[in-house]
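Trainee: Could you take me closely through one part of this model, the loop residues with unusual backbone angles, and then place them within the chain as a whole?

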Amino acid sequence: HHDRITVSSSPDNQLTRKINRDEMVSNKDSMDQSGQRKDEQEKKLIMLRGLPGSGKTTLAKQLCGENGVICSTDDFFIENARYIFDPMKLSENHEKNKEKATQAMMEGKTPVII
């Protein structure tokens, strides 16, 4: 069970802060003082990283909610319901995933989880 999640702004972890899951997943029914829904104000992009089998996908599903989108490059290696990794397609599939995430953000989806 993860109580805190590390979010870093650069690969070398120069800027890192720990945030609670509650801070990342907004309460969809809550209103701010102006009467506007908080989820209409705050859009979230969450980038997960970790070792294989460390629970990234499980955590992404927990954080996603009804309106969120999970953008995983692994999804582009699935053929006929089987995962088939091809290192020659890695760069191309990263680009496809970037396009999927960009589209989700432009559509106002939140959170977008990569």
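**A close look at the loop between strands 5 and 6**

Mentor: Ala81 counts as exposed, because its relative accessibility of 77% is over the 50% cut-off for that class. The model is a predicted one, and in it Ala81 sits in the loop between strand 5 and strand 6, where its phi is positive, at about 65°, although the residue is not a glycine. Asn80 belongs to the loop between strand 5 (78-79) and strand 6 (82-83) as well, and the phi of Asn80, a residue other than glycine, is likewise positive, near 50°. Asn80 is also exposed, with a relative accessible area of 77%.

Another backbone feature is found in the loop between helix 4 (90-106) and strand 7 (112-113), which holds Pro111; the peptide bond leading from Thr110 to Pro111 is cis, with omega near -5°.

As for the setting, the protein has four helices and seven strands, which follow one another along the sequence as β-β-α-α-β-α-β-β-β-α-β. Of its 114 residues, 25% are buried, and the protein exposes about 8,500 Å², of which carbon and sulfur atoms supply 50%. Among contacts between residues at least 6 apart in sequence, 46% join residues at least 24 apart.

One helical residue can be set beside these loop positions: Thr57, in helix 3 (residues 56-64), is exposed with a relative accessible area of 52%. Thr57 and Ile70 are separated by 13 residues in sequence, and their C-alpha atoms are 8.7 Å apart in space.

Technical notes:
Residues are numbered from 1 along each chain as its sequence is written. This is a predicted model: local features need pLDDT of at least 70, side-chain atom pairs count only at pLDDT 80 or more; totals for chains, interfaces and linings use all residues. Side-chain values use heavy atoms; hydrogens and water are left out. Helices (H or I, at least four residues) and strands (E, at least two) are DSSP runs, numbered from the N terminus. Buried means under 20% relative accessible area, exposed over 50%, partly exposed in between (1.4 Å probe, protein chains only). Contact means heavy atoms within 4.5 Å. Accessible areas come from the Shrake-Rupley method with a 1.4 Å probe; for residues, only the protein chains shown count as cover.
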